Amino acid sequence: MSITVLTPVGCIGNRGVDRAALMDAMERHTPDVIAVDAGSLDCGPWYLGAGKAHSPYVNIRWDIECILDAAIPRGVPVIVGSAGGSGGDAHVDATVELVQRVADERGYHFKLAAIKSQVDKDQLLRRCTDGVLPGAFSASTGEPLSQGAVARSEVIVGAMGVEPIIDALSDGAQVIVAGRAVDSAVIAAYPIYRGCNRGLAYHMGDIMECAEATAEELRPVLRSLGHNRIPILGTIDESGFELRPAHSDMACTPQSCLMHSFYERTAIDSFSVPGCKILRDGSRYEAKDERTTRIIGTRYVNQPYSILFEGVERLGYRALFPFGVRTPAMVEQLPEILESMEAVVHEMFDPLGCFQIHWQRYGMDAVLGSAEMNLTPPHEVGVIADVVADTPELAHDVAYDMLTRVAFWRYPGRYTTAGNVAITFSPGIFFGGPVYGFTLYHVIPISDYREIVRTSMIDI
Amino acid sequence: MAKRTRTQVLRSKNAGPFTLTFDIVFHSRADFELVRAKLTPGRLAQTFKVPPEEIIPVDSIEQLLALKFSVHRRRPSGHPGDSDCYGMNQEEPLRRLVDDILSDKDT
């Protein structure tokens with residue numbers, strides 16, 4: 001027995017799938033399932049907090065249309081994980097609505113399962129004792145999870161494994177829109193549902209989840225395509241799995257697949273998913289032909305069931321302004337000038353509420369911060385003055401005060417007495433809206449995943 | 001002429017919101033071995049100007065001639081004051097260190 005999974009894009013809504021490559025792959029390789037991740041945490045905490053997608057609607061719609069057009073007429077099931085980018089309830093609802101709209105327009109009918117994994121913080125707070133949640137630990141530092149971090153959170157999601165997706169498949173869902181999910185689980189779910197080995201299926205999902213990012217170009221093709229995501233096909237059998245891209249000018253090589261095992265993680269030989277640990281130390285990557293790699297030898301061990309939770313809190317509201325500095329005397333003294341100015345502004349505005357000021361000094365140290373090693377004064381600096389305050393009004397007023405203050409700051413040796421800096425725009429101040437920060441990135445032991453997920457079946 | 005590197009790949013990226021991870025892929029086994037021997041946590045801490053305990057030490061993939069290590073972020077991704085939300089452009093201090101080692105400028 002073998003199962004073929006097609007992953008059309010690395011993330012729904014990021015530039016979009018090449019429609020011709022997708023349809024061609026459906027005909028040639030007749031995949032058993034289309035499985036795709038829509039999520040990313042890389043774009044920061046805002047999207048989870050605000051309940052918004054990070055990708056443009058028009059691009060998300062493109063991918064959803066292509067996927068449904070490829071799958072529904074052929075009766076192939078579809079699994080979308082971390083719907084809407086962050087996989088919160090608002091993101092799942094928006095994705096279901098879009099699927100509904102596209103299906104209505106095309107006259108498609110199917111059974112849809114919406115699986116939500118956003119949890120009410122009270123559910124976690126009830127488990128806290130002595131100020132911590134017992135057994136929970138940070139996925140990055142191993143530190144315990146404080147009750148305070150849970151209490152401050154505005155939105156919390158749990159990254160589901162394959163189990164709730166398999167439940168939905170068993171219940172006859174043809175399209176599954178899942179909230180926050182482990183990337184690899186989205187792809188592994190169908191093969192495991194059909195009896196494939198968990199270690200191999202999760203490993204296959206782990207490599208495939210970024211679609212063509214795991215393949216290399218035999219000649220440059222992607223940069224000239226508008227919708228330039230190329231599907232990857234993964235075929236899994238009893239002893240291993242094979243990966244190939246759905247484009248004749250691209251190849252999955254042992255090197256490109258192995259390189260992707262590296263991607264965005266700290267450990268090389270293993271990774272944990274809910275209920276088990278995937279061991280890649282014995283995995284072997286072999287070229288089957290010039291465009292296909294076969295991977296064998298991956299194992300897994302069962303572990304007590306746990307789920308990675310992500311949570312965010314609202315830290316305040318942002319106002320910012322950019323400005324440029326071209327006067328050598330000011331460029332040289334800029335760090336001291338900004339520091340002195342900040343002290344005055346705090347003295348003036350602290351009675352009105354809490355706020356923090358950050359300077360991004362492009363041309364000096366904005367990108368690397370304290371790790372910057374080139375301290376030669378540049379000829380020009382671009383600065384972003386960033387204010388995060390309790391209210392949008394306070395953020396604006398602090399920012400505007402600083403705008404005029406930096407323009408007329410009397411620093412030693414100043415000769416630009418009509419104004420010091422180039423203010424880029426009118427209006428000078430930009431509102432950034434609510435600002436969020438991460439509170440949870442913690443693994444929490446869970447006795448039953450059904451405590452976390454809620455599935456609803458919808459007839460489309 | 002912009003500075004190139006003597007490596008094949010040298011990159012940074014978030015590994016979750018609290019960690020930056022760095023990957024280096026070399027052109028030759030000699031380069032790989034030379035750099036692997038010198039990338040101690042102390043040395044990396046000095047390069048990134050952080051305490052040594054902030055470094056998650058170097059691991060390697062022999063088949064790829066690749067090294068990886070990670071650093072705890074000074075600020076979490078996308079928090080106020082962070083300037084590289086995706087962590088995609090933090091590699092330059094490492095590029096300089098690795099190229100110094102490979103061009104024998106490093107002792």
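Student: Before we discuss the second largest pocket, what counts as a strand here?
Tutor: A strand is a DSSP run of E with at least two residues, and strands are numbered from the N terminus. Please keep in mind that this is a predicted model.

Student: Understood. Which strands each supply at least two residues of the lining of that pocket?
Tutor: Strand S19 (355–362) comes from chain A, while strand S2 (19–25) and strand S4 (66–72) come from chain B.

Student: And which one gives the most to the lining of the second largest pocket?
Tutor: S19(A) does, with four residues.

Student: How much space lies in the second largest pocket?
Tutor: The figure is about 560 Å³. The lining comprises 25 residues, and those closest to the centre are A:Gly369, A:Ser370, B:Arg74, B:Arg75 and B:Gly81.

Student: What is the lining of the second largest pocket like by class?
Tutor: It has ten nonpolar, eight polar and seven charged residues.

Student: Let us turn to the helices of chain B. At what angle do the axes of H2 and H3 cross?
Tutor: Helix H2 (residues 41–48) and helix H3 (residues 92–102) of chain B have axes that cross at roughly 130 degrees and come within 9 Å.

Student: Why are H2(B) and H3(B) called oblique?
Tutor: Angles over 145 degrees count as roughly antiparallel and 65 to 115 as roughly perpendicular; the crossing angle of roughly 130 degrees belongs to neither range, so H2(B) and H3(B) are oblique to each other. The crossing is right-handed.

Student: Which residues make that contact?
Tutor: H2(B) contributes B:Arg43, B:Leu44, B:Thr47 and B:Phe48, and H3(B) contributes B:Pro93, B:Leu94 and B:Leu97. Five of these residues are nonpolar, one is polar and one is charged.

Student: What about H1(B) and H3(B)?
Tutor: The axes of helix H1 (residues 29–38) of chain B and H3(B) come within 10 Å and cross at roughly 120 degrees. H1(B) is therefore oblique to H3(B), and this crossing is right-handed.

Student: Which residues meet there?
Tutor: B:Asp31, B:Leu34, B:Val35 and B:Lys38 of H1(B) meet B:Val98, B:Ile101 and B:Leu102 of H3(B). By class, five are nonpolar, none is polar and two are charged.

Student: Now the backbone of chain A. Is the peptide bond from A:Ser426 to A:Pro427 cis or trans?
Tutor: That bond is cis, with omega near 0 degrees. A:Pro427 sits in the loop between strand S21 (422–423) and strand S22 (430–445) of chain A.

Student: And what is phi of A:Asp130?
Tutor: Phi of A:Asp130 is near 50 degrees, which is positive although the residue is not glycine. A:Asp130 lies in the loop between helix H5 (121–125) and strand S5 (132–138) of chain A. Most residues other than glycine have a negative phi.

How values were computed. Residues are numbered from 1 along each chain as its sequence is written. Chains are lettered from A and ligands numbered from 1 in the order in which they are written. This is a predicted model: local features need pLDDT of at least 70, side-chain atom pairs count only at pLDDT 80 or more; totals for chains, interfaces and linings use all residues. Side-chain values use heavy atoms; hydrogens and water are left out. On a 1 Å grid over the protein atoms alone, a cavity is a set of points where a 1.4 Å probe fits but cannot get out, and a pocket is an open set with protein on both sides within 12 Å along at least five of seven lines; lining residues have an atom within 4 Å of a point. Grid points are joined across faces, edges and corners, and a volume is the space filled by probe spheres set on the points. Ala, Val, Leu, Ile, Met, Phe, Trp, Tyr, Cys and Pro count as nonpolar, Asp, Glu, Lys and Arg as charged, and the others, Gly among them, as polar. Axes are lines fitted to C-alpha atoms, for helices over the stretch in contact, and angles run from 0 to 180 degrees between N-to-C directions. Angles under 35 degrees count as roughly parallel, over 145 as roughly antiparallel, 65 to 115 as roughly perpendicular and the rest as oblique. A crossing is left-handed if the near helix is turned anticlockwise from the far one by less than a right angle, and right-handed if clockwise. Contact means heavy atoms within 4.5 Å.
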